[in-house]
Amino acid sequence: MKKAMTVSLTGMLVAGVLILPAAAHAQAKNAAPATPAAAAQPAPAPVTVTPEARAAIKDLIETTKTRENLAKTFQAMSQNLPPQMAQAMNVSIENNASLTPEQRQKVRANMNQPFEAAVKDAMTLINDPKIVDESIERMYPIYAKYYTPDELRQISAFYKTPVGAKSLTAMPQVINESMQAGFAIFQPRLNALMEKTVKTQVDAVTKPAAPTKK
């Protein structure tokens, strides 16, 4: 039981990369309906990226090698894409209320070739350079929302120093190892909690009930 209960750190991190955007979308989709007063409020005005801000953001993106790192991230995601797609499609089939159990079984039996084609198309999508280009373009108003051009130039200046350049390669590893240290503390406690919960239910059905007093 303990082996089955163990939480995989790598699995959690990989899943997080792929699931978080979908989770954010689901949270927004499942949010409580807006009241008439809230619905009447105007949408936030789009952030204007001035030429000065755009130049500062462009320099920061180039200094931090954001384009190259983003391309590597998408490439890493593509390696985990087939099992993620298989799971998502299977859930979609299982939750389709219009299908009978026999129809669900038939759909699954006929999915091999369409699934392979879908994976191939997904790989084409994720390796399309336009994905990186569009992602980079969407960063401009985000940076402009939180930083002034002068602040952006200061950040770029830091990353151009030796310690700043080192941070670009060392900090991701520092964060990763820090997360592992945190999970090393959390994981055994979570496992113990799950073991206790399961044991309570197992004992309830396996141990004879105490005799009632007359």
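M171 sits in helix α10, which spans residues 162-206. Since this is a predicted model, take what follows as a reading of computed coordinates. M171 comes out as partly exposed, because its relative accessibility is 40%. It also has company on the surface: M171, V174, I175 and M179 make up a nonpolar patch, and together they offer about 330 Å² of accessible area.

Now for the charged side chains. Side chains of opposite charge can pair when their charged atoms come close. How many salt bridges turn up in a search of the whole structure? The count is seven. Here are three of them, with the distance between the closest N and O atoms.

| Pair | Closest N and O atoms |
|---|---|
| R153 and E52 | 3.1 Å |
| E62 and K58 | 2.5 Å |
| K199 and D203 | 2.8 Å |

Take the R153 and E52 pair, at 3.1 Å. R153 belongs to helix α9 (residues 149-159) and E52 to helix α4, so this bridge ties together parts that are 101 residues apart in sequence. R153 has a relative accessible area of 37%, so it counts as partly exposed. E52, at 46%, is partly exposed too.

The E62 and K58 bridge stays inside helix α4, where the two residues are four apart, about one turn of the helix. E62 is partly exposed at 48% relative accessibility, and K58 is partly exposed at 42%.

Helix α10 turns up again with K199 and D203: both lie in that helix, with a spacing of four residues, or about one turn. K199 is partly exposed, with 49% relative accessibility. For D203 the relative accessible area is 22%; anything under 20% would count as buried, so D203 still falls in the partly exposed class.

Next, a backbone oddity. Most residues other than glycine have a negative phi. K65 is not a glycine, yet its phi is positive, at about 55 degrees. Where is K65 found? Its place is the loop between α4 (51-63) and α5 (66-94). K65 is also partly exposed, with a relative accessible area of 48%.

On the far side of that loop, α5 (66-94) packs with helix α6 (residues 101-109) at an angle of about 155 degrees, and their axes are 10 Å apart. Are α5 and α6 roughly parallel or roughly antiparallel? Angles over 145 degrees count as roughly antiparallel, so that is the label for α5 and α6. As for handedness, α5 passes α6 in a right-handed crossing.

Conventions:
Residues numbered from 1 in each chain as written. Predicted model: local features only at pLDDT ≥ 70, side-chain atom pairs only at ≥ 80, totals over all residues. Heavy atoms only, no water. Patch = residues over 30% accessible without salt bridge, like charges linked within 9 Å, V, L, I, M, F, W, Y side chains within 5 Å. Areas by Shrake-Rupley, 256 points an atom, 1.4 Å probe, with all protein chains shown as cover. Salt bridge = Lys/Arg side-chain N within 4 Å of Asp/Glu carboxyl O. Buried < 20%, exposed > 50% of the residue type's maximum accessible area, 1.4 Å probe, protein only. Axes fitted to C-alpha atoms, helices over the stretch in contact; angles between N-to-C directions. Parallel < 35°, antiparallel > 145°, perpendicular 65-115°, else oblique. Left-handed = near helix turned anticlockwise from the far one by under 90°.
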